[in-house]
Structure formats: C-alpha cells, structure tokens
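Dear colleague,

Please find below the structure I promised to hand over to you. My findings come after it.

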Amino acid sequence: PTDPGIKIVASGGITTSMILPGSGNLIGGEAAVIKLRPMSTLSAQDMLVTSGVSEEEDEEFIWRYMKMACGENPKTYYGSLNKMPSTRLGEGYLFRRHFERANNLKRKQDDWCDAAERVKEMPKEKGPLRLSESYPEDLSLESLTALLRHRVNLNIHCYLPQDFEAMVHHSLEFDFEIAAFHHALSAWQVPEIIKRAKGNVTIATFADMWGYKAEALNQNVHAPKILDQAGIPVAFKSDHPVMNSRDLVHEAQKAFHYGFNEHKALQALTSVPANSLRLGHRIGSLEVGKDADIVIWERHPLRLGARPKHVFIDGTELDFKASWTKTLIEQDTISEEQTIAEYHGPEERHLLPSFSNNTMHLEDHGLNNPTTFQEACAKNVDSYVLRNISRIYANATQLLEADRKELYMVVNKGEITCLGTECDREQVHWPSNSPIFEMNGAVIIPGIISMGVSLGLSEIQSEEATQDGEANNDISDNDLYKKIVRAADGLKLNGLHAQKAYKAGVTTAISQPLVGSGLLAGLSTAFQTGVETTILDHALIKEEAALNFVLQHSGPLTVSQQIASIRELLISNIKKDASNNVFSRAAQGQLPVIVQADDKDEIASILLIKQQILKKYNSRVQFVILGGAESHLVAGHLNRLDVPVVLMPARCAPTSWQSRFCLAGPPLTANTALDVLLKNKVNVALGSTDADNGDARNLIWEAGWNLAHNNEFTQQEAVGLVTWNIADMLGLDQGVLHQGGKADFVAYNSDPFEFGAKVLMVNGGGRSGPTCFPVQV
C-alpha cells in the first residue's frame with residue numbers, strides 16, 4: 001500500500017491488478033489480486049479483491065493465485081549457479097517431481113479423510129474414537145496440493161512452443177488447469193497445442209514488446225488477431241516496471257492499429273482478464289450488481305495519448321492529488337501545479353475514426369513510366385515523382401499543405417529537385433523512365449531519427465554474443481584520446497531491430513557505445529538504418545557524432561567524482577590540438593557532449609560546467625542532456641545556456657530515486673517534462689528505449705502523445721521531436737526536407753498521429769530504391 005507506483009498505475013485507468021512473483025523460479029509462489037485504491041489502514045490484506053468477502057455468507061468461491069515459469073529464466077538463473085534446472089529437460093523433471101510429491105500428499109490427505117469418515121460412522125459405545133495420526137500436512141507442498149484440488153488459479157510465464165506443450169502435458173498428467181500463459185510471444189504459432197489444455201487458457205501478452213531476449217524475438221504484431229480467430233482469449237498485460245502498467249491501454253491501442261477488433265482490444269483490458277482471474281462475476285464489465293469500477297476517458301481510449309478523466313473503484317472516485325501512502329517522500333513529490341486544463345480539441349476525439357483505405361497508385365504520363373510496383377520500387381530506382389500529397393512536414397519553419405493546388409515532390413538521382421505546389425510538368429523537368437506515384441492524399445515527414453539506444457550494437461539485450469560489449473574507458477589514462485571506444489567500430493547492420501525500425505520510417509540512428517558501470521561510454525556514431533550490408537557501403541553519416549557520458553549511481557566513482565571528471569577532461573584539453581583529440585574538440589564546442597542524467601541537481605551540475613567554461617575560456621561546450629526525467633525543474637537554465645534535452649523514455653514514470661520528481665502527466669500532473677521544456681523554448685527531442693522493448697518503430701506515436709492534452713503543442717512540433725530537433729542538436733544534415741537535399745522521408749496514407757495510418761513508402765536511410773508498402777510483423 002505504500003508503493004508510490006500504485007497511484008501512478010491507477011492514473012492510467014487500471015482498477016484491478018494481479019501482482020505476481022518473479023520468473024526466476026519454476027514455482028514462483030502465490031500471487032495477489034488487488035484493487036488499486038488507497039488504504040487508510042495501509043493494510044495489504046485490505047487491498048485484496050477478496051477483502052471482506054466470505055465464501056459462506058457471500059456464496060463466492062475465493063480463488064488463490066499462483067505463478068510458475070518455464071524456459072530461459074529459471075534455467076539461466078540456476079544454470080549460472082551450476083544447479084538444476086540448467087536445461088529444459090531439467091525443468092520438466094523438476095516440475096513432474098514436485099507435482100508427484102504434491103499428488104502423493106493429496107492421496108494421503110484423501111485417505112486420512114476417508115478413514116476419518118469411517119471412524120465417524122463407527123459406533124461410539126466405548127467413547128469417542130479418533131485416528132492415531134494427525135492430518136498429513138507439508139507447508140512446502142500446500143500451494144501445489146491446493147492447485148491439484150482446483151482451488152488455485154495458475155498463471156505461467158512461458159514464451160516458446162516447446163514450453164507451452166510441456167506445461168500442457170504436465171497439466172493433463174496431473175489433472176490441473178492453467179488459467180493463463182503470460183508473455184507467450186510465440187503462442188500465435190501453436191494455438192492447437194494451447195487448446196489441448198483443460199479449460200480455455202488465456203494468453204496474457206504484449207501487443208508490441210519484443211527483442212529483449214532470445215525467447216522474445218518471434219513476437220508478431222498480428223498475434224492477438226491470430227489467437228482470437230483460433231478461439232483463444234487474449235488479454236494484455238504489463239511487465240511492470242519494465243513496461244509501466246499505467247500505459248497498459250497503449251498495448252490495446254497498438255493491437256488495434258495492427259488490425260485487432262476495437263471491442264476485442266478493449267475486452268483484452270477488461271472482461272477477458274477478469275474472466276481469466278475467475279472474477280468476471282464482479283469486475284470486467286459494466287453491469288447491474290457488479291463492482292462500480294468505472295473509468296471515464298477524456299477521449300476514446302484507443303486514440304493516441306488518451307488518459308482517464310475520472311477513475312472510480314467500488315463507486316468512489318480516486319483523488320490523485322491526495323497522499324495515498326502517508327509517507328514523507330510522497331508528500332515531497334505531490335505536484336503543486338495548477339488544475340489540469342480542459343482540452344479544447346474537437347468533440348470527435350470521443351469517436352474512433354475509421355482506418356483510411358487511401359493508398360498510392362502508379363501513373364503513366366507518357367514518359368516511359370513503370371506501371372508495376374515491382375519495377376517502380378526496385379533497387380537502384382533513385383528518380384521519381386510523388387504527386388497528390390496532402391501535407392509535407394519539411395522542417396521547423398515549413399509546413400506545406402495542398403490548398404486548392406496539388407502538392408508534389410520530385411526526386412532526381414536521390415535528390416529533391418522540387419518540393420511544393422509549383423512542381424508540375426509545365427514548371428519543372430520530371431525525370432523520364434521513372435515512376436510517378438499518385439499518393440492519394442499522403443502525409444510526408446522527414447526520415448525519423450532514433451537516439452538514446454545502441455541500435456546496431458546490441459541485438460538481444462540478454463545475450464552477450466549478440467552485443468558489442470561494454471566499453472571500459474579509463475578516464476585517468478592521459479592517452480585516452482587515442483584509444484577511446486567508438487561505436488562505429490562495433491556497428492552491426494541490418495539486424496531485426498534496425499529492419500523493423502526502418503520499415504516504420506526510422507532512417508537514421510545515433511548509437512553510443514554500451515557501458516556498464518563506467519562514466520565514459522565513448523564516441524557515438526550516426527548511421528543509416530536501411531543499409532543491408534556493412535559500414536563500407538555509405539552507412540556512416542557522421543563517424544563520430546558525439547562524446548557520451550553516463551552518470552552512474554552504482555559504479556566505483558561517486559556522482560561528484562564523475563562530475564569533476566567530466567569537468568577535468570574538458571578543461572585539461574581545451575587548449576590542445578583539436579585535430580586529433582576528441583576531448584579538445586568537445587571542449588572547444590566542435591563535438592557535442594551527451595550526458596545521460598535524470599536528476600535535477602546532476603543536470604544543474606552539468607549546466608554549471610558549461611557556464612564556468614564559457615566564462616573562463618569563452619568556449620561553448622555543446623552539452624546535450626539524455627534522459628532528463630527531472631529536466632523540467634531546470635528548464636529556464638537549460639534555455640538560458642542553450643542546452644537541449646532528449647527525453648528518454650518519452651513518457652516518464654518515477655522508477656528511480658533520480659527520477660522521483662518526474663511529471664507523469666494527466667491526471668496526476670497538469671504537464672509533463674515535455675510540456676514544460678517546450679514552454680521554456682528548450683530544444684527538445686525524444687529518445688528510444690528499443691533495447692528494452694523494440695519500440696524504435698513506435699517513435700512517431702511517442703512524438704504525438706502530448707497532442708492529446710497540450711492545446712499549444714502542434715503536429716509540426718511533434719514531428720520535430722523525432723527528426724529535425726535531433727539533427728540540429730548533433731549538427732546533422734538529416735531530419736529535414738528541402739530542395740537540393742536528400743530524399744530521406746516516410747510517407748503515410750493518412751495522419752500519422754492516428755492509429756491505423758499505414759506507411760506507404762520509406763526512402764533513404766542508405767537503402768537503394770524506395771521501400772513500398774513495408775509490412776511490420
């Protein structure tokens with residue numbers, strides 16, 4: 001009850017949550033299902049959904065809940081200790097051994113009860129009779145025997161087909177039911193195996209969270225629809241705090257975007273999980289006689305940025321301005337901001353717009369134009385015309401819109417030769433023998449830029465063999481400038497993360513070296529994500545894009561030592577030859593210096609370094625803050641000293657001590673850090689956390705999230721958060737569209753800030769020819 005995360009999660013419209021043990025053990029233990037409401041008693045028991053419920057008086061069966069896990073997690077953990085299980089064979093053996101022990105205890109208990117019944121029926125002429133042995137009990141098997149007696153709702157962490165099959169086989173052998181498989185990213189491959197289990201097993205999964213471990217590589221964005229069509233119930237789950245439960249509705253939004261039915265997507269958050277928990281008679285739908293757990297949304301919950309306006313649990317509205325935990329820390333972080341402003345957008349926000357069926361076509365204008373997409377979108381096609389575009393977000397100051405005049409983009413040999421309404425054949429030369437795409441009202445933005453995550457240096461977060469490794473830069477070494485780690489030297493191209501990002505329009509990535517507990521990560525690199533071969537094929541945009549530091553809180557150096565080290569590295573090199581010394585270039589303002597920090601005071605210390613160097617040496621160090629959870633608290637100083645911020649993650653939650661003052665946004669706080677930074681005219685962008693969840697392909701949604709509550713925030717500014725703002729911070733000629741510039745862009749069939757918008761074309765990113773109709777999986 002004193003966990004501050006409870007209030008944050010509830011602010012996302014979550015009213016009931018099942019709290020599960022971890023997945024390092026085969027049998028993790030019993031879980032708890034709670035209502036996310038403040039408890040004046042601070043009693044965990046009072047939070048239980050069954051609090052105050054009596055099986056006899058209320059005629060309600062009170063379920064117990066259990067967590068098990070199979071696959072990588074248990075065998076990896078125990079294998080590292082040289083213990084069982086270290087293989088899936090070992091997991092299977094241990095499961096069966098424990099089930100057998102529980103079954104044996106269950107038989108002894110049944111035999112004891114049978115004997116007790118016989119004794120009870122015996123004549124009592126010689127006085128009361130009793131058994132010589134007490135009832136057989138074993139605390140270590142108590143939960144499992146309850147499972148075998150069908151009194152436990154079993155939830156199993158499982159990813160792969162072979163693990164589903166093994167658990168289904170165990171359940172049939174020992175006669176117990178599986179309520180849900182959790183995570184279950186490969187369940188879409190084997191619905192028939194899952195249906196062999198007793199009952200109707202629910203798949204509690206993610207719509208789009210993948211790639212963080214080998215088991216999670218095979219996630220399919222169409223999985224909810226595939227499973228539903230097979231008759232398997234689908235629920236969306238979080239992996240809090242990895243994916244903050246507050247944003248669980250975003251999983252439903254993403255599934256809806258990829259074609260999952262609107263009502264099924266909402267049921268996956270409500271009635272399906274309620275039924276899986278065997279609580280559908282009380283929660284999960286609005287019906288007379290059920291618990292009054294109600295969420296009133298300020299817009300349709302399947303629209304981007306949707307947040308609750310009112311949340312009721314058991315008929316009582318939650319007060320997000322009040323203290324829920326009676327802790328001094330919460331009192332310290334409760335926002336004293338103004339009341340959340342009413343959004344003055346269109347009333348249509350309450351409706352869910354139909355998906356656009358607009359698509360692009362090819363036209364023959366008598367210039368020997370290709371008439372099939374196979375020809376028009378082939379490799380080496382570098383000249384073409386796009387016509388009938390509705391909107392082009394060109395740069396920070398130029399938004400082109402079709403207003404009675406047709407909007408064009410003419411590309412010749414990879415360069416934009418005309419952009420706007422004055423580009424028809426009578427006004428400019430159209431390349432012959434080249435495709436002419438009729439875009440049917442498409443929206444075009446510059447190629448998206450991913451920053452903050454080491455794309456190309458780490459393919460599977462939990463597998464060392466797929467990573468470049470952690471940099472170890474000795475900051476005490478006087479010759480460090482000669483041997484500093486460079487991301488460009490370890491770059492691996494065309495991995496699955498880069499492929500999916502590219503198909504979503506991410507054409508450029510800024511990747512910094514991986515770092516463990518060290519302060520200095522090294523030199524980041526800017527590269528083109530569409531290159532399918534190696535860095536030798538024009539992949540690198542800027543070989544040394546920035547000097548990267550990460551302020552650590554568990555390494556060998558104190559925070560103050562790390563701040564001092566950054567200052568010393570810059571000042572001691574400021575007058576040295578910048579032609580061969582990266583620290584000199586950084587100190588002299590020729591190379592951006594990215595510092596990853598969330599804490600307001602640590603950010604302030606970096607700003608102080610800039611201020612000191614400017615005053616004493618008249619040199620403007622190009623600091624960039626990455627992370628920036630508490631950057632809003634120094635927004636005025638960031639503006640004054642011209643220090644940009646890359647917020648990472650884009651949607652903040654106070655998951656650490658250093659981010660405890662972050663602004664979660666409505667309905668908890670009136671604003672987010674992004675809103676405050678924009679209001680203070682700080683150059684701001686959004687970073688990706690792709691290694692954690694594969695979200696680089698979703699950057700356009702992150703960019704548009706605050707459009708839902710910030711009346712002053714424009715779509716053009718939103719586009720800038722993931723394009724030209726980043727390019728400006730790092731001095732890149734990317735992220736903008738202009739005549740004479742590279743044709744590096746992504747075209748959508750409708751508003752990219754509405755779910756259902758499809759990518760029609762991605763061009764640039766180092767790939768030969770336009771990529772037409774890219775398909776996400």
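The paragraphs that follow describe the disulfides, an annotated domain, several helices and two individual residues.

Please keep in mind throughout that this is a predicted model.

**Disulfides**

The structure contains four disulfides. With the bonded cysteines counted along the chain, their pairing follows the pattern 1-2, 3-8, 4-5, 6-7.

Cysteine 70 is bonded to cysteine 158, with an S to S distance of 2.1 Å. This pair ties together distant parts of the chain, since its two members stand 88 residues apart. Cysteine 70 sits in the loop between β3 (64-69) and α3 (72-80), while cysteine 158 belongs to strand β4 (residues 152-158). Both of these cysteines, 70 and 158, are buried.

Cysteine 418 is joined to cysteine 423, and here the S to S distance is 2.0 Å. The link of cysteine 418 and cysteine 423 is left-handed, with -80° about the S-S bond. Cysteine 423 has a relative accessible area of 0% and is therefore buried. Cysteine 418 also counts as buried, because its relative accessibility is 7%, below the 20% limit for that class.

A disulfide is also formed by cysteine 652 and cysteine 662, whose sulfur atoms lie 2.1 Å apart. The pair is ten residues apart, with both cysteine 652 and cysteine 662 in the loop between β23 (645-647) and α20 (673-679). The torsion about the S-S bond of cysteine 652 and cysteine 662 is about -125°, which means that this disulfide is left-handed. Cysteine 652 and cysteine 662 are both buried.

For cysteine 113, the relative accessible area is 33%, so this residue is partly exposed.

**Annotated domain**

In the UniProt record, an unreviewed entry, the feature "domain: Amidohydrolase-related" is placed at residues 216-315. In the model, the chain over residues 216-315 is 29% helix and 13% strand. The C-alpha atoms at the two ends of that stretch are 39 Å apart.

**Helices α4 and α6, with asparagine 103**

Helix α4 (88-121) packs against helix α6 (residues 161-174) at an angle of about 20°, and their axes are 11 Å apart. The two helices, α4 and α6, are therefore roughly parallel to each other, as angles under 35 degrees count as such. Their crossing, that of α4 and α6, is right-handed. On the α4 side, the contact is made by Arg88, Gly92, Phe95, Arg96, Phe99, Glu100 and Asn103. On the α6 side, it is made by Gln162, Asp163, Met167, His170, Glu173 and Phe174.

Asparagine 103 is located in helix α4. Its relative accessible area is 18%, so asparagine 103 is buried, the limit being under 20%. Apart from neighbours within four places in sequence, asparagine 103 is in contact with Leu148 and Phe174.

**Glutamate 137**

Glutamate 137 is found in the loop between α4 (88-121) and α5 (142-148). With a relative accessibility of 68%, glutamate 137 counts as exposed. If residues up to four places away in sequence are not counted, glutamate 137 touches Leu105 and Gln109. Glutamate 137 and glutamate 544 are separated by 407 residues in sequence and by 66 Å in space, C-alpha to C-alpha.

**Helix α15**

Among the residues of helix α15 (residues 496-503), His497, Ala498, Lys500, Ala501 and Tyr502 are buried. The elements that cover the buried residues of α15 include β18 (506-511), α21 (690-693), β26 (759-763) and β27 (771-772). Just after α15, glycine 505 adopts a positive phi of about 100°.

**Helices α16 and α18**

Helix α16 (residues 559-571) and helix α18 (residues 600-617) also form a packed pair, with an angle of about 25° and axes 11 Å apart. That angle makes α16 roughly parallel to α18. In passing α18, α16 makes a right-handed crossing. The residues of α16 that take part are Val559, Ile563, Ile566, Arg567, Leu570 and Ile571. They meet Glu602, Ser605, Ile606, Ile609, Gln612, Ile613 and Tyr617 in α18.

With kind regards

Notes:
Residues numbered from 1 in each chain as written. Predicted model: local features only at pLDDT ≥ 70, side-chain atom pairs only at ≥ 80, totals over all residues. Heavy atoms only, no water. Disulfide = S-S within 2.5 Å. Helix = DSSP H or I, 4+ residues; strand = E, 2+ residues; numbered from the N terminus. Buried < 20%, exposed > 50% of the residue type's maximum accessible area, 1.4 Å probe, protein only. UniProt positions renumbered as here; feature names shortened; annotations may be inferred. Axes fitted to C-alpha atoms, helices over the stretch in contact; angles between N-to-C directions. Parallel < 35°, antiparallel > 145°, perpendicular 65-115°, else oblique. Left-handed = near helix turned anticlockwise from the far one by under 90°. Contact = heavy atoms within 4.5 Å.
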